[in-house]
Amino acid sequence: MKRVIELLHGSGGIQSRVLIEELFYKYFDNTYLRQNSDAVYLEMGQGRIAFTTDSYVVTPLFFPGGDIGKLAVYGTVNDLAVRGSQPLYLSCSMIIEEGLELTVLEKVVESMHLASKEAGVQIVTGDTKVVPNGKGDSLYINTAGIGIMRHKRSISPSEIRAEDDVIITGSIGEHEIALLLAREEVPLKTRITSDCAPLGRMLNTLCEEFEGQIHMMRDPTRGGLATVLNEIISSSELGIEIEKSKIPIQACVQGVCELLGIDPFYSANEGKAVIVCDARISHQLLKRLHTFELGRGAAIIGKVVKVHKKKVWVKTKLGTYYVLAPLSTLQVPRIC
């Protein structure tokens with residue numbers, strides 16, 4: 001039987017990782033690619049930059065709290081920011097389906113313009129392609145981004161140490177649930193909106209004020225918090241323990257997840273970051289996070305440990321533990 005690409009390969013979970021390691025690493029493998037992070041560090045003369053790329057196929061194009069244009073800008077900015085770089089420049093390539101209303105395209109482009117201003121970046125180059133009607137799905141966007149490193153220390157899994165604290169900058173699951181409800185037109189009295197937001201200024205400030213003490217950062221997009229925590233310790237001999245009761249989650253999001261059988265630990269976020277830092281400054285860092293609008297819901301949720309090598313364990317309210325594995329099933333397709 002021929003092996004074919006399935007939606008699961010784009011979930012950000014185990015099958016995505018298998019595809020990357022078995023196919024893309026097979027032909028593209030190099031030391032830069034093996035940094036295996038949201039953005040790659042590149043040496044440029046006397047300094048370093050961070051470089052990233054991403055594609056956006058979200059449906060619907062407009063959803064509570066955002067749209068495909070805003071998502072493309074903020075998603076790329078956040079991938080640069082969690083590597084400790086200051087985002088500066090973006091590219092924008094659009095694949096447009098014949099028949100898309102020009103007013104819809106203009107609305108997306110205007111949204112990207114406003115999002116870029118808010119995030120402090122410029123869109124400096126791009127490309128446009130049009131495919132025949134029925135050969136696309138309205139609009140796809142690809143972006144690339146460049147950020148400059150203002151400090152010498154790397155934000156990398158290799159910097160993680162046992163006893164480091166793990167912080168999430170806010171409540172989880174809003175983006176994926178907001179998209180699901182918008183897509184299926186589920187009538188609810190409570191309106192859940194995407195957390196789509198630019199993290200650059202907040203994370204850049206933290207990196208400057210706590211230089212050398214922030215060891216790792218990731219944004220838990222596809223695959224959610226569970227998958228990102230597993231990826232963080234996958235290349236080390238360490239493990240992570242988190243406390244379920246400390247994970248911030250809105251009651252309305254929790255309610256929808258329970259109703260639909262969705263695990264919020266695996267739900268995508270577009271305006272949150274996971275921070276692994278020196279435990280000696282974690283409470284000070286948390287207090288600083290709370291001074292930012294995008295960090296008011298931040299919480300220390302766990303710790304890096306010497307046991308449970310390459311695994312994430314969750315402590316329940318009853319004091320029992322279970323293993324939190326990477327995403328292995330498809331919850332909601334095309335969420336970013």
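Start by selecting Glu-237: in this predicted model the residue is partly exposed, at 48% relative accessible area. Now add Lys-310, its salt-bridge partner, with the closest N and O atoms 3.7 Å apart. Glu-237 sits in the loop between α6 and β10 (239-243) and Lys-310 in the loop between β12 (299-305) and β13 (312-315), so the bridge ties together parts 73 residues apart in sequence. Lys-310 is partly exposed too, at 37%.

Next, pick Asp-38, Arg-218 and Glu-231, which shared salt-bridge partners join into one network. Zoom in on Glu-231 and Arg-218, where N to O is 2.8 Å. Glu-231 belongs to helix α6 (residues 224-233) and Arg-218 to strand β9 (residues 214-218). Buried or partly exposed, which is Arg-218? Arg-218 counts as buried, at 10%, while Glu-231 is partly exposed at 23%.

For a salt bridge with both partners buried, go to Glu-174 and Lys-272. Their closest N and O atoms are 3.7 Å apart, and the pair spans 98 residues, from helix α4 to the loop between α7 and β11 (274-277).

Now for the inside. The largest nonpolar core has 37 residues, and Ile-68, Val-73 and Met-94 are among those with the most contacts in it. Helix α2 gives the most, 6 residues, and domain 2 (38-149) and domain 3 (157-324) each supply at least three. Click Val-73 to find contacts including Leu-90, Met-112 and Val-121. Apart from this core lies another, of 27 residues, with Ala-50 and Cys-207 among them.

Last stop, the surface: Leu-23, Phe-24, Tyr-27, Phe-28 and Leu-33 form a nonpolar patch with about 510 Å² of accessible area together.

Technical notes
Residues are numbered from 1 along each chain as its sequence is written. This is a predicted model: local features need pLDDT of at least 70, side-chain atom pairs count only at pLDDT 80 or more; totals for chains, interfaces and linings use all residues. Side-chain values use heavy atoms; hydrogens and water are left out. A nonpolar core is a set of buried Ala, Val, Leu, Ile, Met, Phe, Trp, Tyr and Cys residues joined through side-chain atoms within 4.5 Å. Buried means under 20% relative accessible area, exposed over 50%, partly exposed in between (1.4 Å probe, protein chains only). Helices (H or I, at least four residues) and strands (E, at least two) are DSSP runs, numbered from the N terminus. Domain bounds come from an automatic or database domain assignment. Contact means heavy atoms within 4.5 Å. Patches are made of residues with over 30% relative accessible area and no salt bridge: like charges are joined within 9 Å, nonpolar side chains (Val, Leu, Ile, Met, Phe, Trp, Tyr) within 5 Å. Accessible areas come from the Shrake-Rupley method with a 1.4 Å probe; for residues, only the protein chains shown count as cover. A salt bridge is a side-chain nitrogen of Lys or Arg within 4 Å of a carboxyl oxygen of Asp or Glu. Lists of a residue's contacts leave out its neighbours within four places in sequence.
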